[in-house]
Amino acid sequence: MAVTMAVSDSAQPGEISGQVLAVEGVSVQLAGRQILDNVCFAVGPGELVGLIGSNGAGKTTLLRVILGLQPVTGGRVSIGGRAKGRGLVGYVPQKIQLDPDMPVRARDLVGLGLDGNRLGIPFPSRQRRLRVDEMLEAVDATRFANQRVGNLSGGEQQRVMIAHALISQPKLLLLDEPLANLDIGSAQEIISLLAKITQRQQVSVLISAHEMNPLLPVMDRVVYLAAGRAASGTTEEVIREDVLSALYGHHVDVLHGHGRVLVVGHAGDGFEILAGDETAAAPGHPDHSADGALSGLEIQQ
Amino acid sequence: MSSVFRLLFAPGFFASSPVHVALVAGGMAALVSGVVGTFTVLRGQSYSGHALADLAVTGGSASFLASISPLWGFAGTGVIAAGIMDMIGIRRPRGRDLATGIVRGAGLGLAALFLYWDTTSTSTTGAAVTILFGSMFTIGSNAVPLVVGFGVPALAVIAILYRPLLLSSVSADVAAARGVRVRLTGLACLMAIALAVSLAAVTVGAILSTALLVGPAAIALRLTSSPGRATVAAAVIAVAMTWLGVVLAYDSFTWPPSHDGWPVSFFIVTLIFVGFIGAQLTGRARRVNG
């Protein structure tokens with residue numbers, strides 16, 4: 001079985017080489033709390049991998065570790081075989097800080113993706129402009145290229161940030177909850193855009209999300225994060241009752257129906273949807289529930 | 001044409017030495033304020049600018065007591081206050097607002113004491129008016145090198161850190177992941193804001209200095225969406241309004257009630273306010289028309 005469970009600590013050096021991203025036994029403690037506990041997984045060239053877990057599972061911390069913004073208390077991360085992956089990673093944060101009405105256009109932000117870390121005033125050149133135009137076209141952002149970023153919708157800002165992250169041609173693209181705060185239509189557009197770009201640009205993509213269903217059709221593999229521990233593999237290998245129950249440390253049900261998956265944990269008399277759709281809790285038992293989210297789902301034993 | 005010229009520029013305007021100093025020092029202060037102000041607004045640091053302006057009153061009133069150029073006082077307290085604000089952590093809005101409020105209060109309390117001493121030692125109210133509302137025609141030509149010496153580093157900070165400042169205003173994490181030293185960049189920007197505020201304090205006064213800092217920038221970002229063009233536009237607007245203010249103030253020497261001229265600061269700040277309202281209205285009209 002190709003599942004690498006954090007608890008088994010079985011990452012072979014041979015498996016890791018040739019990977020775009022290798023996370024080996026990463027642990028992070030913040031203020032005495034164990035945020036990440038011996039997390040191991042790898043992302044191969046051109047793969048689209050989902051980093052799935054409920055809020056507070058450690059997804060953002062893990063992304064910050066990969067970006068080199070969060071020191072680890074144990075383990076290591078290598079990108080393209082190097083410990084320092086600066087220049088090889090593009091990053092799309094969950095939210096940008098820019099206020100509305102600020103004079104930064106979509107094309108300015110994409111341009112900053114090329115050389116935003118350099119000193120001095122940039123000199124406009126035809127070549128630079130063409131590259132920016134090309135990138136804006138690739139994410140279907142040409143029609144709002146000259147609009148202020150702060151005034152764009154959430155989905156439009158995501159596109160601009162994806163272009164910003166991709167224009168320097170990174171090997172790995174990290175996206176922190178790109179689908180949160182988006183309506184279903186915009187989320188689907190962003191997902192198909194990412195799937196298209198992964199193939200065309202030969203870039204590996206790691207997307208964090210608390211809802212895995214929108215990503216199921218496009219994910220090559222999944223890294224499932226619960227309470228700071230991770231299991232990784234294909235969805236068939238990871239999204240199983242035995243694997244996830246071991247990860248959570250208590251029994252969970254994996255419910256399939258209409259091509260959707262729900263991970264359900266039991267808490268007292270009620271139950272809690274741990275991953276799948278919008279994380280939620282509801283009274284009663286799943287198989288007796290008349291709750292809309294679960295109608296038509298069957299427990300697979 | 002020449003009659004309009006004569007109407008605008010009162011006799012002796014171009015021969016007056018205080019006018020020359022006002023045009024040069026005021027122009028430099030305006031240029032720095034416009035450029036730095038654009039980034040102050042862009043980075044959402046107007047609040048820091050206001051706090052630095054209040055604390056400049058403390059430094060200015062202290063320098064009067066010590067009989068040194070108020071610019072040293074303005075800049076000295078500004079740079080120290082900027083350092084303290086950075087240490088407090090300008091990233092947590094609530095803690096920042098509280099801490100800044102307390103430091104601001106303490107600073108203005110000291111300013112009240114210094115101004116009291118200033119007035120009792122010189123037995124005039126000139127010091128208070130000069131510090132609070134500026135006094136362009138009394139700057140003195142020996143202050144010009146000082147104005148330039150403080151202005152150039154502020155402009156250099158913005159020119160050198162132009163892209164990192166823009167990038168970290170969009171997302172600190174993205175900038176940090178690209179290798180930008182976000183904290184250091186932010187501190188340098190805050191120092192540039194402190195210098196801009198102290199220059200503006202010399203020309204339009206400590207209290208009105210933020211009007212010159214954020215006013216032209218606020219107008220500029222309604223005129224253009226490009227960060228580069230907004231910066232240039234803010235600088236041009238700031239310099240133009242300052243110079244026009246100097247001209248009008250010179251003209252006002254013949255105006256009632258006492259024929260000793262209205263304050264330059266009044267003209268500059270009023271021009272900025274009118275310009276802002278105008279830009280706001282035309283901006284709205286443009287949005288409505290598509």
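Visitor: How are H3(B) and H10(B) set relative to each other?
Guide: In this predicted model, H3(B) and H10(B) are oblique to each other, since helix H3 (residues 46–65) of chain B and H10(B) pack at an angle of about 55°, a value that is neither under 35 degrees nor in the range from 65 to 115.

Visitor: And how far apart are their axes?
Guide: The axes of H3(B) and H10(B) are 9 Å apart, and H3(B) passes H10(B) in a right-handed crossing.

Visitor: Which residues make the contact?
Guide: From H3(B) come B:Ser48, B:Gly49, B:Leu52, B:Ala53, B:Ala56 and B:Gly60, while H10(B) brings B:Leu190, B:Ile193, B:Ala194, B:Val197, B:Ser198 and B:Ala201. By class, the residues of this contact are 8 nonpolar, 4 polar and no charged.

Visitor: OK, what about the largest nonpolar core, how many residues has it?
Guide: The largest nonpolar core has 184 residues, and A:Leu174, A:Tyr224 and B:Ala196 are those with the most contacts inside it. Helix H10 (residues 182–204) of chain B gives the largest share of this core, with 15 residues.

Visitor: What is B:Ala196 in contact with?
Guide: Leaving aside neighbours within four places in sequence, B:Ala196 is in contact with B:Val32, B:Ser33, B:Val36, B:Gly37, B:Ala154 and B:Leu213.

Visitor: Switching topic, how many residues of chain B are in contact with chain A?
Guide: There are 26 residues of chain B in contact with 29 residues of chain A.

Visitor: Which helix gives the most on the chain B side?
Guide: H8(B) gives the most to the side of chain B that touches chain A, with 7 residues, and that side has 16 nonpolar, 7 polar and 3 charged residues.

Conventions: Residues numbered from 1 in each chain as written. Chains lettered and ligands numbered in written order. Predicted model: local features only at pLDDT ≥ 70, side-chain atom pairs only at ≥ 80, totals over all residues. Core = buried A, V, L, I, M, F, W, Y, C linked by C-beta atoms within 7 Å. Buried ≥ 20, exposed ≤ 12 C-beta atoms within 10 Å, placed from the backbone. Helix = DSSP H or I, 4+ residues; strand = E, 2+ residues; numbered from the N terminus. Contact = placed C-beta atoms within 7 Å. Nonpolar A, V, L, I, M, F, W, Y, C, P; charged D, E, K, R; others polar. Axes fitted to C-alpha atoms, helices over the stretch in contact; angles between N-to-C directions. Parallel < 35°, antiparallel > 145°, perpendicular 65-115°, else oblique. Left-handed = near helix turned anticlockwise from the far one by under 90°.
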